[in-house]
Amino acid sequence: MSDFKGKTIIVTGAAMGLGLAAAESLASKGADITLVDYNEEALGKAKSELESKYPESKFLTVKADVSVEEQVKNYVNETVKTFGKVDGLYNNAGIEGKQASLVDYDINVFKKVIDINLLGVYYGMKYIIPELQKNGGGRIVNVASVGGIRGVLNQTAYVATKHAVAGMTKNAALEYGKYNILTNAIAPGAILTPMVAEAFNQVNPSDPKAAEAEYASHNPTRKLGDPKDVGNLVAYLLSDENGYVSGQVIAIDGGESNMY
Ligand code: NAD
């Protein structure tokens, strides 16, 4: 795996879950990282943890809601101001919305899911791509989901936005590949993060662990994913070692999305 020494990567949704796991993986390889999240308290805690584990890396925190265009512009600007340049973006912040059938889906929740999962990812690419162009190229990893490849019962808004992330990823790869900007999406299955724990809580509030065990029993590997597995894949896709993978939506789900 390539060394990230001297590289600067922005991670959104960095305070916990898959964002924090990717930040750990990148920091362990020497990257300097801008940690972006709208949960300021959790963001500060994540920064302190990372600083004590990885003293050779520098960490900048920027509080931002990725659904607000000005705040996205600001996290990119602050990164360039602090580190002098940026080499990559892990465009990860996202929400699940509520579990509800298509007909009953609350339209306000639907619009919020679009603002964060779709427009948040779009703004991230819109503001980082010109900086990557100035810097001779770079890497972008957007976070879709298996819900960006297949349908997921009772998650219409989530599935719609994650399919949109897959689509925007393909377009970015087509339009900016000539600038040495490789853009991919990852499509995680169930990885045990706070978001997924909350989903099991909604499925079975009296016994979320039973819902988790039931879900895992259908996976070819009979387990849920570990955030570290995702962090390692993301680090590869963001590294110079990835010289030719672009425009792909890569499932990381123990093989489950291949099952009929
Ligand atoms: P999580 O809820 O554990 O963490 C998400 C982080 O993003 C939190 O720190 C939260 O504060 C932040 N965030 C949410 N909305 C934000 C916003 N508008 N602006 C800034 N920060 C915001 O979730 P996770 O499981 O780590 O998921 C991360 C990404 O991975 C999401 O896009 C999610 O859809 C995707 N994903 C996760 C799984 C999984 O199994 N965990 C599966 C498929 C896709």
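Student: Which helices each supply at least two residues of the shell around the ligand?
Tutor: In this predicted model, helix H1 (17-28), helix H4 (107-134) and helix H6 (194-203) each supply at least two residues of that shell.

Student: How many residues surround the ligand, and which are the closest?
Tutor: The ligand is surrounded by 29 residues, and the closest are Gly-13, Gly-17, Gly-94, Thr-193 and Met-195.

Student: And by class, what does the shell have?
Tutor: The shell around the ligand has 17 nonpolar residues, 10 polar residues and two charged residues.

Student: Where does the ligand lie with respect to domain 1 and domain 2?
Tutor: It lies between them, because domain 1 (8-189 + 226-255) and domain 2 (191-224) both give residues to the shell around the ligand.

Student: What separates the centres of the two domains?
Tutor: Taken over C-alpha atoms, the centres of domain 1 and domain 2 are separated by 23 Å. The contact takes 12 residues from domain 1 and nine residues from domain 2.

Student: Which elements give two or more residues to the side of domain 1 that touches domain 2?
Tutor: Those elements are H1 and helix H8 (227-238). The residues on that side of domain 1 divide into five nonpolar, five polar and two charged.

Student: Turning to H1 and H8, at what angle do their axes cross?
Tutor: The axes of H1 and H8 cross at roughly 55° and come within 8 Å. That angle makes H1 oblique to H8. H1 passes H8 in a right-handed crossing.

Student: Which residues make that contact?
Tutor: From H1 they are Gly-17, Leu-18, Ala-21, Ala-22, Glu-24, Ser-25 and Leu-26. H8 contributes Pro-227, Lys-228, Val-230, Gly-231, Asn-232, Val-234 and Ala-235. The residues of this contact divide into eight nonpolar, four polar and two charged. Gly-17 of H1 is also among the residues closest to the ligand.

Student: A different pair now: are H3 and H4 roughly parallel or roughly perpendicular, and why?
Tutor: The axes of helix H3 (residues 69-83) and H4 come within 9 Å and cross at roughly 30°. Angles under 35 degrees count as roughly parallel, and H3 and H4 are therefore roughly parallel to each other. The crossing of H3 and H4 is right-handed.

Student: What makes the contact there?
Tutor: H3 provides Glu-69, Val-72, Lys-73, Val-76 and Val-80, while H4 provides Tyr-123, Gly-124, Tyr-127, Ile-128 and Glu-131. By class, the residues of the contact of H3 with H4 divide into six nonpolar, one polar and three charged.

Note on methods: Residues are numbered from 1 along each chain as its sequence is written. This is a predicted model: local features need pLDDT of at least 70, side-chain atom pairs count only at pLDDT 80 or more; totals for chains, interfaces and linings use all residues. A residue is near a molecule or strand if its C-beta atom, placed from the backbone, lies within 6 Å of it. Helices (H or I, at least four residues) and strands (E, at least two) are DSSP runs, numbered from the N terminus. Ala, Val, Leu, Ile, Met, Phe, Trp, Tyr, Cys and Pro count as nonpolar, Asp, Glu, Lys and Arg as charged, and the others, Gly among them, as polar. Domain bounds come from an automatic or database domain assignment. Two residues are in contact if their C-beta atoms, placed from the backbone, lie within 7 Å. Axes are lines fitted to C-alpha atoms, for helices over the stretch in contact, and angles run from 0 to 180 degrees between N-to-C directions. Angles under 35 degrees count as roughly parallel, over 145 as roughly antiparallel, 65 to 115 as roughly perpendicular and the rest as oblique. A crossing is left-handed if the near helix is turned anticlockwise from the far one by less than a right angle, and right-handed if clockwise.
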